[in-house]
Amino acid sequence: MVFSISQAFVRYIRKMEKFSFQISGGDYQNIGYVSNTIKKILNTRKISAVNSRRIAVSIFEVETNIILYARRGTIEIELDNSSVVVAANDEGKGIENVWLAMQEGYTTANEEIRRLGFGAGLGLSNINNNADILWISSKVNIGTCLILVFLI
Ligand SMILES: Nc1ncnc2c1ncn2[C@@H]1O[C@H](COP(=O)(O)OP(=O)(O)O)[C@@H](O)[C@H]1O
Ligand SMILES: [Mg+2]
């Protein structure tokens, strides 16, 4: 009881907010939903246009990869007055070689994905260029976890 009250107090003084999204693999129609939603939320907070853009761009790449390459996943976004933290977890085929996947132009996208206009192989490097911290952990046939931190 005391603990939950003190936690609520910390959240209150740090103005912490948390948003959570469930993503379904193959749900191409909804590519962009999470990043659009967060962008709208950020635009109503005291966050610069540059920051809200780099955060939305990175979340777009994260949600796209879950929809294109995983079975299902969640994206959790926590913001307070000094940072935005994005935690993405998915169940799926995972990434065999994270270093290789990070290289510009590397993609395993098939014909169908390319026909939809995705698969330039720039997503992970784009995230890496936009986030202040990027941490990736992945296990083949289990799934992938990404943590992104933005200092705002
Ligand atoms: N969540 C994920 N699950 C499985 N594989 C992924 C995931 N995210 C990225 N990958 C792998 O990393 C590669 C590079 O990703 P990215 O840089 O976003 O380029 P693209 O999406 O255009 O292929 C993908 O082609 C895919 O093989
Ligand atoms: Mg991608």
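Two residues are taken to be in contact if their C-beta atoms, placed from the backbone, lie within 7 Å. In this predicted model, helix α3 lies across β1, β2, β3 and β5, and runs at about 5 degrees to β3. The strands beneath this description belong to an open sheet of 5 strands in the order β1-β2-β3-β5-β4, with antiparallel pairing, while α3 also packs with α2 and with α6, and gives the most residues to the shell around ligand 1.

**The sheet**

- The open sheet has β1 and β4 (133-139) at its edges, where each has a single partner strand, so one side of each is left without a neighbour in the sheet.
- Neighbouring strands of this sheet are turned by 10 degrees against each other on average, when direction is ignored.
- In general, the strands of a sheet pair through backbone hydrogen bonds, in either a parallel or an antiparallel manner.

**Strand pairs and hairpins**

- Strand β1 (residues 17-24) is joined to strand β2 (residues 70-79) by 8 bridges, and the two run antiparallel; within this part of the sheet, Ser 24 stands opposite Arg 72 of β2.
- Strands β2 and β3 are also antiparallel, pairing over 9 bridges, and they form a hairpin with 3 residues between them.
- Across the pairing with β3, Glu 76 has Ala 87 standing opposite.
- At the other end of the strand order, β4 is joined to strand β5 (residues 143-151) by 7 bridges, again with the two strands running antiparallel.
- Two facing positions can be followed along β4 and β5: Trp 135 stands opposite Ile 147 in β5, and Ile 136 has Leu 146 in β5 as its bridge partner.
- The hairpin formed by β4 and β5 has 3 residues between the strands, and in its turn Asn 141 has a positive phi of about 65 degrees.

**Helix α3 against α2**

- Helix α2 (residues 33-43) packs with α3 at an angle of about 160 degrees, and the axes of the two helices are 8 Å apart.
- Because angles over 145 degrees count as roughly antiparallel, α2 and α3 are therefore roughly antiparallel to each other, and their crossing is right-handed.
- On the α2 side, the contact is made by Val 34, Ser 35, Ile 38, Lys 39, Leu 42 and Asn 43, and on the α3 side by Ser 52, Ile 55, Ala 56, Ile 59, Phe 60 and Glu 63.
- Sorted by class, the residues in this contact of α2 with α3 are 7 nonpolar, 3 polar and 2 charged.

**Helix α3 against α6**

- Helices α3 and α6 pack at an angle of about 150 degrees, with their axes 9 Å apart, and that makes α3 roughly antiparallel to α6.
- The crossing in which α3 passes α6 is left-handed.
- The contact is made by Arg 54, Val 57, Ser 58, Glu 61, Val 62, Thr 64 and Asn 65 of α3, together with Gly 123, Asn 126, Ile 127 and Asn 130 of α6.
- By class, this contact of α3 with α6 is made up of 3 nonpolar, 6 polar and 2 charged residues.

**The surroundings of ligand 1**

- There are 24 residues around ligand 1, and of these Asn 65, Ala 101, Thr 107, Thr 108 and Gly 123 come nearest.
- Asn 65 of α3 and Gly 123 of α6, which are among the residues that come nearest to the ligand, also belong to the contact between those two helices.
- At least two residues of the shell are supplied by each of α3 (49-69), β3 (83-92) and α6 (123-130), and α3 gives the most, with 5 residues.
- The residues of this shell divide into 12 nonpolar, 9 polar and 3 charged.

Technical notes:
Residues numbered from 1 in each chain as written. Chains lettered and ligands numbered in written order. Predicted model: local features only at pLDDT ≥ 70, side-chain atom pairs only at ≥ 80, totals over all residues. Near = placed C-beta within 6 Å. Helix = DSSP H or I, 4+ residues; strand = E, 2+ residues; numbered from the N terminus. Nonpolar A, V, L, I, M, F, W, Y, C, P; charged D, E, K, R; others polar. Pairing = 2+ DSSP bridges. Axes fitted to C-alpha atoms, helices over the stretch in contact; angles between N-to-C directions. Parallel < 35°, antiparallel > 145°, perpendicular 65-115°, else oblique. Left-handed = near helix turned anticlockwise from the far one by under 90°.
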